[in-house]
Amino acid sequence: MTDPAILVDWAIQIALALLCLSFAVTVYRVISGPTLPDRILALDMLVATAIGFIAVIGIKTGYTLYVDIAIALGLVGFLATVAFARFILTRGPIHGETEEARSAPEGGKANE
């Protein structure tokens with residue numbers, strides 16, 4: 001039989017590896033995101049990944065204060081996402097972009 005501590009250690013290592021992969025892919029999307037909403041969504045994903053890191057480290061160390069830190073980060077991340085969404089809604093057309101072009105489906109024109 002396997003020792004439960006060994007199983008937990010393996011689970012923590014796998015979780016940290018997956019979170020690192022998620023972090024790297026999300027940073028790529030923040031840098032290369034074609035539109036501002038894509039970048040904002042990626043930043044929100046970075047907050048979620050950071051919360052995951054904090055939770056896994058909290059489990060690994062047994063230090064329960066990390067849960068409070070993760071909750072505070074979640075609240076700050078939510079407020080930042082709401083602020084970015086409000087910014088997108090209140091900004092005007094970008095460099096000659098018309099309202100019809102902004103609301104058109106991707107790959108086509110508004111009146112087709």
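User: Helix 3 first. What span should its 26 residues have, and how far apart are its end C-alpha atoms?
Analyst: This is a predicted model. At 1.5 Å a residue, helix 3 should span 38 Å. Its end C-alpha atoms are 38 Å apart, so the two values agree.

User: Which residues are buried in helix 3?
Analyst: Ala-70, Gly-77 and Ile-88.

User: Take Ala-70. Where is it placed?
Analyst: Ala-70 sits in helix 3, which covers residues 65-90. Its relative accessibility is 11%. The cut-off for buried is under 20%, so Ala-70 counts as buried.

User: What is Ala-70 in contact with, beyond its neighbours within four places in sequence?
Analyst: Ile-51 and Ile-54. Both contacts of Ala-70 fall in helix 2, residues 36-61.

User: And how far is Ala-70 from Ala-55?
Analyst: In space, 6.9 Å from C-alpha to C-alpha. In sequence, Ala-70 and Ala-55 are 15 residues apart.

User: Switching to aromatics. How many aromatic pairs does the structure hold?
Analyst: Two. In one of them, the ring centres of Phe-23 and Phe-53 are 6.4 Å apart and the planes stand at 70°. That angle is over 60 degrees, so the pair is edge-to-face.

User: Which parts of the chain does that pair link?
Analyst: Distant ones. Phe-23 is in helix 1, residues 4-32, and Phe-53 is in helix 2, residues 36-61. The two are 30 residues apart.

User: Are those two rings' residues buried, exposed or in between?
Analyst: In between. Phe-23 is partly exposed, at 38% relative accessible area. Phe-53 is partly exposed too, at 21%.

User: What about the pair of Tyr-63 and Tyr-66?
Analyst: Their ring centres are 5.6 Å apart, with the planes at 80°. So this pair is edge-to-face as well.

User: How accessible are the two tyrosines, Tyr-63 and Tyr-66?
Analyst: Tyr-63 has a relative accessible area of 48%, so it is partly exposed. Tyr-66 comes to 27% and also counts as partly exposed.

User: On to the surface. Which residues form the nonpolar patch?
Analyst: Ile-6, Trp-10, Ile-14, Leu-18, Leu-21 and Val-25. Together they have about 650 Å² of accessible area.

User: Pick Val-25 out of that. Where does it lie, and is it buried or exposed?
Analyst: Val-25 lies in helix 1. Its relative accessible area is 51%, and the cut-off for exposed is over 50%. So Val-25 is exposed.

User: And Thr-26, buried or exposed?
Analyst: Buried, with a relative accessible area of 7%. Thr-26 lies in helix 1 too.

User: What does Thr-26 touch away from its sequence neighbours?
Analyst: Leaving aside residues within four places, Thr-26 is in contact with Ala-42, Met-45 and Leu-46.

User: Zoom out. What is the secondary structure of the protein?
Analyst: Four helices and zero strands. From the N terminus, the elements run α-α-α-α.

User: What share of the residues is buried?
Analyst: 16% of the 112 residues count as buried.

User: And how much area does the protein expose?
Analyst: About 8400 Å². Carbon and sulfur atoms supply 70% of that area.

User: Last one. What share of the contacts with a separation of 6 or more joins residues 24 or more positions apart?
Analyst: 46% of them. The Phe-23 and Phe-53 ring pair, 30 residues apart, is one link between distant parts of the chain.

Notes:
Residues are numbered from 1 along each chain as its sequence is written. This is a predicted model: local features need pLDDT of at least 70, side-chain atom pairs count only at pLDDT 80 or more; totals for chains, interfaces and linings use all residues. Side-chain values use heavy atoms; hydrogens and water are left out. Buried means under 20% relative accessible area, exposed over 50%, partly exposed in between (1.4 Å probe, protein chains only). Contact means heavy atoms within 4.5 Å. The expected span of a helix is 1.5 Å times one less than its number of residues. Rings of Phe, Tyr and Trp (its six-membered ring) pair if their centres lie within 6.5 Å; planes under 30 degrees apart count as stacked, over 60 as edge-to-face and the rest as tilted. Patches are made of residues with over 30% relative accessible area and no salt bridge: like charges are joined within 9 Å, nonpolar side chains (Val, Leu, Ile, Met, Phe, Trp, Tyr) within 5 Å. Accessible areas come from the Shrake-Rupley method with a 1.4 Å probe; for residues, only the protein chains shown count as cover. A salt bridge is a side-chain nitrogen of Lys or Arg within 4 Å of a carboxyl oxygen of Asp or Glu.
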